[in-house]
Each structure stands twice: as structure tokens, then as C-alpha cells.
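Please open the model in your viewer and keep the selection tool at hand. The stops below are meant to be taken in order.

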Amino acid sequence: MSILRRALTFCSISANLLFLSCGLSLAQETDAPRSDAQESEAPKIEAPESPEAKSASPGQAALDEATQLRLTAEDARQLNKVIDLLGSAIEKGLDDDNEDFAEQMLVSALLERSEALAKAVLDRPLPDPRQDPRWLQIRQLAMVDLQRVLEIDASQFRAYFLIGRLQSLPLGDDAAALGAFTKVIQSEGVDDQTLAEAHVRRAAKQANDDERLNDLNRAVELAAENVEFRLMRARHYFQTEQFAECLADVDAVLKQAPDNFGTHELRGLVLQAMERDDEALESFDRATELAPEQLTPYIRRSQLYAKQDDLEKAIAEAGKAIDVDSDNPLGYLLRAELLIQDDQADAALEDIEKAGKLQEGLVQAYLLKARAFEQLGKSSEALEQLEELAEALPPQVEIRVQIAAMALQAEQPRRAIRSLDRAIDIDGESFFAYRLRGDAKLNIGEHAEAIADYEKALELEPDDSGVMNNLAWTLATSPTDAVRDGKRALELATEACDATDYKEAHILSTLAAAYAESGDFKKAQEWAQKAVELNDEANGEQIAKELASYKAGKPWREEQKLDSGEQPNTAEATPREPEKPVESKPAPARTIDF
């Protein structure tokens, strides 16, 4: 048996079993609605005119039987037999005219069978292939038939179209799908509707935005009356932030289909993106009139009212979203966020709990709960929420940095350091992790370690004025002789002042401290006085004390220790003490740049 014969036999047996198991028949396929591609004219089969020539060929008897059966076939089993007979006739041998006739008939039969197989997977919801792999087998059988069609006649665009659709299914080959739709587009004699659909389907596989838009433009040109194609182009415009073009397409669609819920919702979204909020609200209102059971317009209106600082209306709309779909956590989470903004943390916690019962492990629920606890002054509970989230998620620098920032605000620098150590293990090039760990180390008096972290942060972000200021302050004011460096402190403080236009009081005081450490008390007094004159409420009292120290001819020394009552993250029982006595009494902790 030849390879061709074995392939056709395998296809026929397998296809027959799957036709039967899926309840398919030729009668079903005939009665069912056909796709635009399937409605294209099938290959015409015209018998050769010379019966005498037929009888002289070894495969003629099989061809005659196939021809007769093809005219009367009513089910899949008979169609499979037609394909078998035609394969046998071609293998045994036919004259040129009859071989062409047999191949035309074989193409027609294979297309019919592949279309019926494809319909079984394209027109039905697909089950999980791990639970029911039959649809994958059906797809493979259809693909084998279609490839055979193209081996016989490479001009069959219907075969390419079906291959593209089948390869677009889950576990398919996107590159193969794109190539197949390209073949359809390049074929001769393709009807406009099929050609337009091929462009649309190829657009979905294009990686380049311009190529995707070219396909969508061509589809709209070929089928201007098809609102779905224009809507697809509108969504592309929206995703690529071409809002004016998107709105033009949406309005054109609404002229053809004025009562389409999805179109009104998209119109609201694009108007919102264009900051035409009142018009956006009107579109969302119309969407709700058309489909009051749909959740998203309520969510969108709530967000717009929040943007307009109308928290009362925003909270009310979120409540309506909950009324529409009380099993969806989105409404509860949105209302919780709005309640936190409205200083109603207790009520927000109730909504967060409800959302958590509906769906466990929601990242936003953890974040909102942390914010609510923080608003209630429960810093430890807030940190516990974030730490629990950090353990549940894959390693992420951002959440670890957020924990550290909150811990520093709660005056728990060692807790911040533990989180930042993890962040740096995840990403050794994280600027924020080194920056915050330097702040935390400074707060527990580990000045050399703080300087090392600030240097690394400055290496990563050389122009950051906050890092320059904190590093300069440490180099100028540390009570540890070994880490002070007046010259470098002066350079850094000057750069930080330049970057902030000499308008930040605490940075001017750093410049003053650097001059004092360098022995220039006249300059130190000058800059400290300018810092005092800026009336910095947070640091004004301390800056005044610094100025008094400079007038007395003494540099400023400071060791911040904000970890009272907190367990150290090393084996040390207490924070490290200065290596030498300080030259003046440590002042209260000053504001540093976070």
C-alpha cells in the first residue's frame, strides 16, 4: 500500500469514527448554516467525454464506483468510502483526463469532510483538552485533509482559510495561522466577504500595530456595512491611544446600530480617555439604559465621579454595581477604595471582607486592607497584610519596597531592613531598595552601612537629589570619625541644592553642615540662616539649633535611632553605639528625604 493510500485510509477510518462520535452527518452539514468561506463555489466536477478511454485504465472501475457513490452519498461513512475509492483509482492509474477528474472530485470530497470536521470544533465551546482531547484529534484530522487538498490544488483558498481558523484555536500555531490567511489574501477569485474576514483574522495575529491597522483598514474597505469589522478597528485605535480615530469609528457604527450596548460603553471609554467626562457619563448612562444588568457602566461612572471629587456619587454608583452583581468582588473593592478616600476605613474593611469571601487571594484586597489599617492608625496590622501578600506572591521588589516605606513611616527601621534585604536579593539593581535601606540604616545608627547603600543608589540614579542630600548629611554629621568626609559632603550638598534651586530648607541645612564639617563656620552660618528663613515647619526647630551650634564654632553631630522597642535583625542585642563620643548632644531625628 502506498503512502498516499495509507494516509487516505487512516483519515477515512479516524474521520468516520469521529463523525459518528460527534453526531455529525452529511445531512447535518447540509442543513446547518455555512460560513462565508464555505459558501464559496465548490470545485466543479465534470466527467471526461470519452467512456472508451475510461475502460482502458486500471483505476477506472474504482473511479466509476466513486463517481456513482459521490452523487448519492448521504452520510460520513459514504463520503469516506468515496475518498478511499478515489485514492485507490489514482494509485492504480488513470489516463490524464480521468486523473484530473478524479483529483477534482477528491479535492471536493476532502474539502467537504474537512469543513464538517472543522465545524465540530469551530462552532462549539471547546472543553479543556486535558479532560476531553477529542477536539484536538478532530482538528488534526481536518488539517490532514486540508493539507492533502493543497498538495493536489494549491489554489484552494477555502483550504487556507480553514487552516488559518483551525490554527487560531488554543494550542494552535499563530505563525501558521497568519501564513494561511496571507495565502487567502493573495489568492485569485476570493469573494470580498471572505477576503475581508481573512484580513480581520490576520490582523489578530499581527505583532506590528501598523500591519494590524492596515489589515483592519482593508477589511472595512471591503465590507463597509459590517459593523463588527469597524468596531474591531475602533478597539485597535483605542488600544493604541488614537482616540479621535476611535471615536469616529464608534460614531459611524452607532449610525448603523444605535442600540448596541458595547458600542456605547466603548464610546464612554474613549471620551473618558479624551477627558470629556460629561459626555462619557452620558454614554455610560445610555449603555445602562440598554443593558441595566451589565456591571461595567456602573463601575465607570463611579470612577468618573471619584475623578471629579464627588465621592458621594462615586460611592453610590459602586453600591449600584454591587446591587447589580453581588457575587462580583469588583464592586466591593471599588467601594472600599472610595470609602478609604472618604476616611471611612471601618466601612471599607467590611467591603474588603466581603470581596475576600467571594474570591480568595485578591491582591487588591490585601493592599486596600493595609491602607485601611494604616488610616486607623494600626501600622502593625497594615504591615502584616503587606507581608502576608508578599509571601503569597511570586518574588516582587515593588511590594517589598512598599513594606519598607510603610515600616519606616511607622518608625520600625529594622523591619524595613528585613524587607529591603529580600528586595535586593530579588533585584540587586533596585534603586529604591538601596535608597530606602540607606535611610533605614541611618535611622539605627549604622552610618557606614547607610553610606554604602547611598553610594550604590547614587550609582544607579546619579541625579537623585534626595540620595545626594541624605548621603551628604551622613558624611557631614556622623558621630563616627571614620565615615565623615567634609569635602565629599560639600560636593554632594551643593549638587542637591542646585537640583532643587536652593528652595528646600533641609537641603540648605545639609550644605551648612557640610561647610561646618569642612571648618568654614561663616559659610555654615550663612546657609543655616537661609534655611531658617524658609520657615520649614517640619525641620525649622532643629535647623535653628544647628545654626546656634555653628555660631558657637561647633560642627553638627547626629545619630538617629528610631528602633525603640523593635527587635534587631542581627545577633546584636542593642543598636551599635558610636565608636567615639559625639562632639555635641544628638538632636531629635530630623526629616530625611524618602
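What follows is a short tour of a predicted model, with a selection to make at each stop.

Begin by selecting residues 505-517, which form helix 28, together with residues 521-533, which form helix 29. Two packed helices are described by the angle between their axes and the distance between the axes. Here the axes of helix 28 and helix 29 come within 7 Å and cross at roughly 170 degrees; because an angle over 145 degrees counts as roughly antiparallel, helix 28 is roughly antiparallel to helix 29.

Keeping both helices in view, show the side chains where they meet. On helix 28, select A505, L508, S509, L511, A512, Y515 and A516; on helix 29, the residues they meet are F521, K523, A524, W527, A528, K530 and A531. Sorted by class, this contact of helix 28 with helix 29 comprises eleven nonpolar residues, one polar residue and two charged residues.

Move next to helix 17, residues 311-324, and pick out K313 within that helix. Is K313 buried, exposed or partly exposed? Its relative accessibility is 44%, so K313 counts as partly exposed. Add Q303 to the selection: Q303 and K313 are ten residues apart along the chain, and their C-alpha atoms are separated by 9.8 Å.

For the last stop, select two of the cysteines, C246 and C497. C246 has a relative accessibility of 0% and therefore counts as buried, and C497, at 0% relative accessibility, counts as buried too. How many disulfides does the structure hold? The structure holds zero disulfides.

Technical notes
Residues are numbered from 1 along each chain as its sequence is written. This is a predicted model: local features need pLDDT of at least 70, side-chain atom pairs count only at pLDDT 80 or more; totals for chains, interfaces and linings use all residues. Side-chain values use heavy atoms; hydrogens and water are left out. Axes are lines fitted to C-alpha atoms, for helices over the stretch in contact, and angles run from 0 to 180 degrees between N-to-C directions. Helices (H or I, at least four residues) and strands (E, at least two) are DSSP runs, numbered from the N terminus. Angles under 35 degrees count as roughly parallel, over 145 as roughly antiparallel, 65 to 115 as roughly perpendicular and the rest as oblique. Contact means heavy atoms within 4.5 Å. Ala, Val, Leu, Ile, Met, Phe, Trp, Tyr, Cys and Pro count as nonpolar, Asp, Glu, Lys and Arg as charged, and the others, Gly among them, as polar. Buried means under 20% relative accessible area, exposed over 50%, partly exposed in between (1.4 Å probe, protein chains only). A disulfide is a pair of cysteine sulfur atoms within 2.5 Å.
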